[in-house]
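These notes are meant for a colleague meeting this structure for the first time, and they are best read with the model open alongside.

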Amino acid sequence: MLNQATGTPPDPVVTLRDVHKSFGPLKVLEGVSFEVPRGTVTAIIGRSGSGKSTALRCIDRFETIDRGEIRVCGHRVDAPGLDLRRLRQDVGIVFQSYNLFPHLTIEQNITLAPTAVKGMPRAEARALAAEVLAQVGLGDKLQAYPEQLSGGQQQRAAIARSLAMRPKVMLFDEVTSALDPELTGEVLKVIEVLAASGMTMVMVTHEMGFARGIADEVVFMHRGRVHERGPAAMLEAPTTPELRQFVGSGL
Amino acid sequence: MNGSLNANHLLFLGQGALWTVGLSLIALIGGGAVGFLVALCRVSGVRAVRVASSAYVQLIQGTPLLVIMFLTFFGLPPLGFSVSPLAAAGASLTIYVGAYLGEIWRGAIQSVPRPQWEAAEGLALSRTQRMAKVILPQAVRIATPPTVGFMVQIVKNTSLASVVGFVELARAGQIINNSLFEPFLIYAIVAVVYFALCFPLSRLSQRLERRGARGRTTLMPA
Amino acid sequence: MALTLDFSAVLERWPSFLDGALLTLELAGIATVVGGALGGVAAIGRRSRHAALRRLCEVYVEAIRNTPLLVQIFLVYFGLASLGFKFSAVTVAALALTINVGAYTTEIVRAGLDAIPRGQIEAAEGLALSRAQIYRHVVLLPAIERVYPALTSQFVLLMLASSVTSQISAEELTAVANYIQSDTYRAFETYIVVALVYVALSFLMRAGFWTLGLVLFPRRRRLGTPL
């Protein structure tokens, strides 16, 4: 009913409505709204400082918001009674700096959360680790330590680690920004395959070409607001001067 | 002669506290001199000197100060050297502190960035000149916070001079306790006095450390 | 006559030295294990969300680190006695050493915890791990790994400092030496021997911690990174 009233596609996995957020005197988000329907990919783009990473981090409650409403997979993220760990079982997040646990092997990195959080038997978790690692093309790296892998491999392992929790939505926070150009391709390919499999995804990215190719919807953020929003094709013909300038400088 | 704690007792404790400070200064000056020598020997160009100074450090850092105290106070007289409690305590602390300060300062000397050594060499300075004019002034800055921190250890360690009968703060407490038998009260007072001596030094060392960390990051070349 | 050294009378008493050395190692072992655990807990407490708990841990650390062990031992010894508890000297010694080393461990482990990058914790939170699970699986071991050399030195210092418990007649190595020198009238020789035993114990402990490090930090072993 609500969906019909607001005219959005049915069944959004993530909904932000009029989200406000300040760090001290600095207003980072000033009324951000968008929805992410199930099985779609949303790319958030914008200059650094536009609030795009903050918006993403709010979805997984790494930042608390001052005002507005966020719903994710049936959780009221802004509500005080939120079951944070339930939310985070439903949401996978991958960071710019991979953040693999350096003292654990890749396999242990992946099995940790399924065994500790879900109580999955160890053998089952191992099989799962092998499966998700194969999915990102690292089937032979189970016993390696993170520092033995390249940056691109580490990021793919981090994606596998998130996938092992069987999330309903995946968040990617500038996951290729720390990588050398020749390593970004392998990570983007993994994300592409994931998108094709029907995973709901929200990504903050600098890779315009990639966003254009993969995103069902692009959210252009400017000064803490959603300045423009639409299908990826809007990047080809930007209507506002801000987006035109941004896309121009990005190419 | 049981009684209660009175002004005379407190005066006696105060005197003991003064001796704690005095003994700490003796240990700092004596141990500082030895430590300086040890630090220089540890980075010497002569292998034998390095090995000998390293052995000294290893031996002393592997031995309790208490045993060194006993060794000088009880061990030397049978060999024909008579030693007063003050001399035994002062000598023991000097030997002990020298090894630890020597290591702290060696670390400081060696953490002066490599290019500084090379630059000094490039200027054709002699080894002594390099040390005195280029390396040591920078090492002093690096060494100050841990040295102040170690002064806390020195003050606390002077309490072990009580075992050879030197009347510093801890011994003064024992003596008063022998007449009053209020051990918990008296040692609590003694502890508070030690705390009053040590805590400011601890805080100062923390502050210097923070300031040093800031200074180093801003000095870091790109 | 003055400068003749004779170690034979002292060395004859080697079984007593051995007993003393064993008790010294026992005291050091108990204090290391229990005090180490206490320090780990207090280090986490110093980073707690509750201000009162943070403050409590800070007071503990500062009170211990700014007073001499000798005075702490007397306070525990006479404090327990005045409360009506009768414990053996060895128990009191172990207790005092534990409290003492716990405070130093707190500060060392805290430094290790503070050095863990924020991103590690966020990644673990993102995987829905609880706070306790994050400490246990993600934070604690790398934190300890970072400060392992400092911890090793601290525990060796503790073993040496346990000599002070001879002052409440715990029959550890230094107390044994005191008996032997008064029996043999060979004070210099006795204390030289006992100093060397301490040096050997220090070496032994360092070797033990090095080996333990290989077990605790398998990555170091695999990749050959030195501690």
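1. A word on the annotations comes before anything else: UniProt positions are quoted in the numbering used here, feature names are shortened, and an annotation may be inferred rather than shown by experiment. With that in mind, the unreviewed UniProt entry for chain C carries the annotation "transmembrane region" at residues 20-45, 74-97 and 191-217. The reader should also keep in mind that this is a predicted model.

2. Two of these annotated spans of chain C can be set beside the coordinates. Residues 191-217 of chain C are 96% helix and 0% strand, with the end C-alpha atoms 38 Å apart. Residues 74-97 of chain C, by contrast, are 75% helix and 0% strand, and the C-alpha atoms at the two ends of that span lie 12 Å from each other.

3. As for the overall make-up of chain C, its secondary structure consists of 11 helices and 0 strands, so that a reader following the chain from the N terminus meets the pattern α-α-α-α-α-α-α-α-α-α-α. The C-alpha trace of chain C extends over about 75 × 50 × 25 Å along its principal axes.

4. Within chain C, one helix pair deserves a closer look: helix 2 (residues 14-45) and helix 3 (residues 51-65) have axes that come within 8 Å and cross at roughly 135°. Because of that angle, helix 2 of chain C is oblique to helix 3 of chain C, and the crossing of helix 2 of chain C with helix 3 of chain C is left-handed. From helix 2 of chain C the contact draws on C:Leu38, C:Ala42 and C:Gly45, while helix 3 of chain C brings C:Leu53, C:Arg54, C:Cys57 and C:Tyr60. By class, the residues in this contact between helix 2 of chain C and helix 3 of chain C are 5 nonpolar, 1 polar and 1 charged.

5. Chain B is also made of helices, 8 of them, with 0 strands, and along the sequence they follow the pattern α-α-α-α-α-α-α-α. A box of roughly 75 × 45 × 25 Å, taken along the principal axes, holds the C-alpha atoms of chain B.

6. The UniProt record for chain B, an unreviewed entry, places the feature "domain: ABC transmembrane type-1" at residues 17-205. In the model, residues 17-205 of chain B are 81% helix and 0% strand, and the end C-alpha atoms of the span lie 22 Å apart. The same kind of record gives the annotation "transmembrane region" to residues 20-43, 55-76 and 184-204 of chain B. Of these, residues 20-43 of chain B are 96% helix and 0% strand, with end C-alpha atoms 33 Å apart, whereas residues 55-76 of chain B are 82% helix and 0% strand, with end C-alpha atoms 22 Å apart.

7. Which chains have the most contacts between them? Among the 2 pairs of chains that touch, it is chains B and C, where 36 residues of chain C are in contact with 39 residues of chain B. Together, chain C and chain B bury about 3100 Å², and 74% of that area is on carbon and sulfur atoms. On the side of chain C, the residues C:Asn66, C:Phe188 and C:Tyr191 account for 18% of the area that chain C buries against chain B, which is more than any other three residues supply.

8. Chain A and chain C bury about 2100 Å² between them, with 60% of it on carbon and sulfur atoms. A:Phe101, A:His103 and A:Tyr145 provide 28% of the area that chain A buries against chain C, more than any other three residues. Chain A and chain B, on the other hand, are joined by no contact, and their closest C-alpha atoms are 20 Å apart.

9. Finally, inside chain A, helix 5 (residues 122-135) and helix 6 (residues 151-163) pack at an angle of about 135°, their axes being 9 Å apart. Helix 5 of chain A and helix 6 of chain A are therefore oblique to each other, and their crossing is right-handed. Here A:Val132, A:Leu133 and A:Gln135 of helix 5 of chain A meet A:Ala157, A:Ala160 and A:Leu163 of helix 6 of chain A; the residues of this contact divide into 5 nonpolar, 1 polar and no charged.

Conventions:
Residues are numbered from 1 along each chain as its sequence is written. Chains are lettered from A and ligands numbered from 1 in the order in which they are written. This is a predicted model: local features need pLDDT of at least 70, side-chain atom pairs count only at pLDDT 80 or more; totals for chains, interfaces and linings use all residues. Side-chain values use heavy atoms; hydrogens and water are left out. Axes are lines fitted to C-alpha atoms, for helices over the stretch in contact, and angles run from 0 to 180 degrees between N-to-C directions. Helices (H or I, at least four residues) and strands (E, at least two) are DSSP runs, numbered from the N terminus. Angles under 35 degrees count as roughly parallel, over 145 as roughly antiparallel, 65 to 115 as roughly perpendicular and the rest as oblique. A crossing is left-handed if the near helix is turned anticlockwise from the far one by less than a right angle, and right-handed if clockwise. Contact means heavy atoms within 4.5 Å. Ala, Val, Leu, Ile, Met, Phe, Trp, Tyr, Cys and Pro count as nonpolar, Asp, Glu, Lys and Arg as charged, and the others, Gly among them, as polar. Buried area is the accessible area (1.4 Å probe) that two parts lose on being put together, summed over both.
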